[in-house]
Amino acid sequence: MIWLDGVLVSPGSRSLHGERILRGHRVWDPYRSKLAALAHLGHEVDLPSSLRVLYLGAAHGTTVSHIADYVECVYAVEIAPRPMQDLLSLARQRENIVPVMGDATRPGEYAPFLERVDLIYQDVASPRQAEIAAAHRVFLEEGGTLILMVKTRSIDATADPDAVTRQVTGALASCYRVKAVVPLEPYHRDHRALVCEGVK
Amino acid sequence: MRYSMQRYWFGDVMEDTCTRAEGDTAALADRVAAFSTKMEEFVPLRWEQAVLCGTAPDRAGYLALLRQVTTLLAERKIRAWYGRGDALLIQKVRMLEDLDRAASLVAERFGEWDRVLHPGPAEEIREPAPRRALEGARGRAEGAQAAVIASVDGLAAARAALVEEVTTGAREILPNCTALVGGLVAARLLSAAGSLDAMARLPAASLQVLGARAALFAHLRTGSPPPKHGILYQHHRVHNAPRNRRGKVARTLAARLAIAARLDCYRGARDEEFLKRADEAVRRAGRGT
């Protein structure tokens with residue numbers, strides 16, 4: 001990841017959602033993007049230009065666009081029609097984004113389009129987040145990384161975020177080993193980033 | 001390990017042979033849409049197989065064609081989703097809510113403005129103050145003030161037309177819910193649920209408190225009394241019921257609404273027998289017997 005004077009940026013010169021341009025680079029805002037927040041909290045994720053990424057829960061494509069600035073290609077999966085429209089117009093401008101409209105709880109619907117990737121990034125507002133991560137294990141390359149942004153409030157609105165996170169970590173155990181659990185405060189409330197590697 | 005045939009977007013792969021999928025982008029999209037992929041037996045594709053297959057010349061060509069197919073499929077799904085009547089009805093209800101907010105905001109400010117302009121004693125209080133200021137200024141207002149009045153009138157006209165369209169739309173898309181709680185309330189519930197599909201899946205208890213999010217979460221977090229009603233309060237049977245029976249009426253109504261929403265979603269026609277019994281049940285709850 002590229003830092004300019006302590007500011008996280010991505011290598012693109014065209015502003016997408018009005019973010020600042022710093023010496024020909026797009027400023028990557030940790031308050032808007034959980035991956036940027038994770039980097040600001042000391043867990044930088046390596047994004048070499050050869051990387052292939054599967055992004056579950058792409059939404060309007062803010063984080064997708066920054067990742068796409070760095071890597072070879074991003075498979076961006078999103079279910080909701082309105083954000084998908086924004087994602088499609090983003091993909092029209094960037095040749096390395098493959099927009100996929102589908103339900104992450106049913107990977108069979110879009111599996112014939114996906115290849116194995118080096119990084120799975122999951123940011124899905126579903127009560128079944130661990131299940132979704134497990135179902136996509138098959139798409140992770142040997143030695144690849146899963147970054148699971150646990151939205152604890154989507155799993156249980158009242159429970160303690162740490163308890164929910166422990167529950168998710170436990171449910172992942174058969175296919176992923178959790179290397180780090182990072183609370184995303186103060187950038188994102190009640191979110192925990194799990195940095196994982198595939199088991200076996 | 002025995003290999004089963006793998007079906008990918010560019011063709012069918014069996015060990016090291018590949019049968020290329022024929023046709024243009026639309027044909028490729030149709031083909032995948034008809035798949036039912038079982039994840040247990042699925043092996044992810046390697047893009048080199050598509051080159052072997054003759055579908056793409058190289059990595060760049062592979063991605064370009066793949067993007068065309070997935071984009072086309074996404075566009076189709078979006079069109080299909082928006083083509084259903086509920087998406088349009090939801091936009092109309094939300095516009096209605098925004099118009100109301102906008103009109104009341106402008107009227108409020110108008111009242112303050114007018115107080116400065118005419119600081120005399122308040123006239124007899126009948127209508128709510130901002131509305132009264134607006135009506136009072138009609139005729140004597142000039143310049144920008146007159147233009148503001150004209151816009152508020154414009155908003156009111158738009159609102160009237162919109163209410164008409166929303167109630168007609170609700171009758172068509174939510175015939176049973178509309179019969180139970182009226183078109184406006186039915187459409188607002190639909191808007192809060194997000195889609196007819198989602199609404200039909202909601203349990204009655206959720207329908208009952210839809211629109212009372214703040215109170216519901218306050219209840220879950222702090223144990224304050226749970227909300228008895230959300231949007232449902234707007235229905236006359238609920239807000240006209242005696243205070244101590246409102247909860248019961250809302251609960252009964254919500255239970256019938258949950259059934260009505262399912263009828264609307266999966267059958268789409270009025271069920272007179274159901275409506276008659278639902279009406280009786282709600283009436284009974286209101287009487288408290």
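By a cavity I mean a set of grid points where a 1.4 Å probe fits but cannot get out, and a residue counts as lining a cavity when it has an atom within 4 Å of such a point. With that in hand, let me add that what we are looking at is a predicted model, and then start with the enclosed space in chain A. The structure holds one cavity of 30 Å³ or more, and the volume of this largest cavity comes to about 40 Å³. Its lining is made up of A:Glu19, A:Val27, A:Trp28, A:Asp29, A:Arg32, A:Thr62 and A:His66, which by class gives two nonpolar, two polar and three charged residues.

From the closed space I move to the open ones. The largest pocket contains about 1,600 Å³ of space, and among the 46 residues that line this pocket, those closest to its centre are A:Ile79, A:Ala80, A:Pro81, B:Trp81 and B:Ser195. Which elements give two or more residues to this lining? From chain A they are helix 3 (81–93) and strand 7 (97–101), and from chain B they are helix 1 (25–33), helix 3 (59–83), helix 4, helix 8 and helix 9. Helix 3 of chain B gives the most, with seven residues, and the lining as a whole has 27 nonpolar, eight polar and eleven charged residues. B:Trp81, which I named as one of the residues closest to the centre of the largest pocket, also has the charged end of B:Arg84 sitting over its ring, 4.3 Å from the ring centre.

The second largest pocket holds about 420 Å³ of space, and of its 14 lining residues B:Leu210, B:Gly211, B:Arg213, B:Leu216 and B:Phe217 lie nearest the centre. Here the elements that give two or more residues are helix 10 and helix 11 (213–222) of chain B, and the lining has ten nonpolar, three polar and one charged residues.

Helix 8 of chain B, which we met in the lining of the largest pocket, deserves a word of its own. This helix runs over residues 183–193 and is mostly covered, with nine of its eleven residues buried. Those buried residues, including B:Val185, B:Arg188 and B:Leu189, pack against helix 4, helix 6 (144–173), helix 7 (175–181), helix 9 (196–201), helix 10 (204–209) and helix 13 (246–266) of chain B. Just after helix 8, B:Gly194 takes a positive phi of about 105°.

Finally, the aromatic residues. A search of the whole structure finds eleven aromatic pairs over all chains. In one of them, the rings of A:Tyr55 and A:Tyr121 have centres 4.6 Å apart and planes at 45°, so this pair is tilted. The pair links distant parts of the chain, since A:Tyr55 belongs to strand 5 (residues 52–56) and A:Tyr121 to strand 8 (residues 117–122) of chain A, 66 residues apart; both tyrosines are buried. The rings of B:Phe110 and B:Trp113 are also tilted, because their planes stand at 50°, with the centres 6.1 Å apart, but these two residues both lie in helix 4 (residues 85–117) of chain B, three residues apart, or about one turn of the helix. B:Phe110 is buried, with a relative accessible area of 1%, whereas B:Trp113 is partly exposed at 34%. Lastly, one aromatic cluster is formed by A:Phe139 together with B:Tyr8, B:Trp9, B:Phe10, B:Phe42, B:Trp47 and B:Tyr62.

Technical notes:
Residues are numbered from 1 along each chain as its sequence is written. Chains are lettered from A and ligands numbered from 1 in the order in which they are written. This is a predicted model: local features need pLDDT of at least 70, side-chain atom pairs count only at pLDDT 80 or more; totals for chains, interfaces and linings use all residues. Side-chain values use heavy atoms; hydrogens and water are left out. On a 1 Å grid over the protein atoms alone, a cavity is a set of points where a 1.4 Å probe fits but cannot get out, and a pocket is an open set with protein on both sides within 12 Å along at least five of seven lines; lining residues have an atom within 4 Å of a point. Grid points are joined across faces, edges and corners, and a volume is the space filled by probe spheres set on the points. Ala, Val, Leu, Ile, Met, Phe, Trp, Tyr, Cys and Pro count as nonpolar, Asp, Glu, Lys and Arg as charged, and the others, Gly among them, as polar. Rings of Phe, Tyr and Trp (its six-membered ring) pair if their centres lie within 6.5 Å; planes under 30 degrees apart count as stacked, over 60 as edge-to-face and the rest as tilted. Helices (H or I, at least four residues) and strands (E, at least two) are DSSP runs, numbered from the N terminus. Buried means under 20% relative accessible area, exposed over 50%, partly exposed in between (1.4 Å probe, protein chains only). A charge sits over a ring if NZ of Lys or CZ of Arg is within 6 Å of the ring centre and within 35 degrees of the ring normal. Contact means heavy atoms within 4.5 Å.
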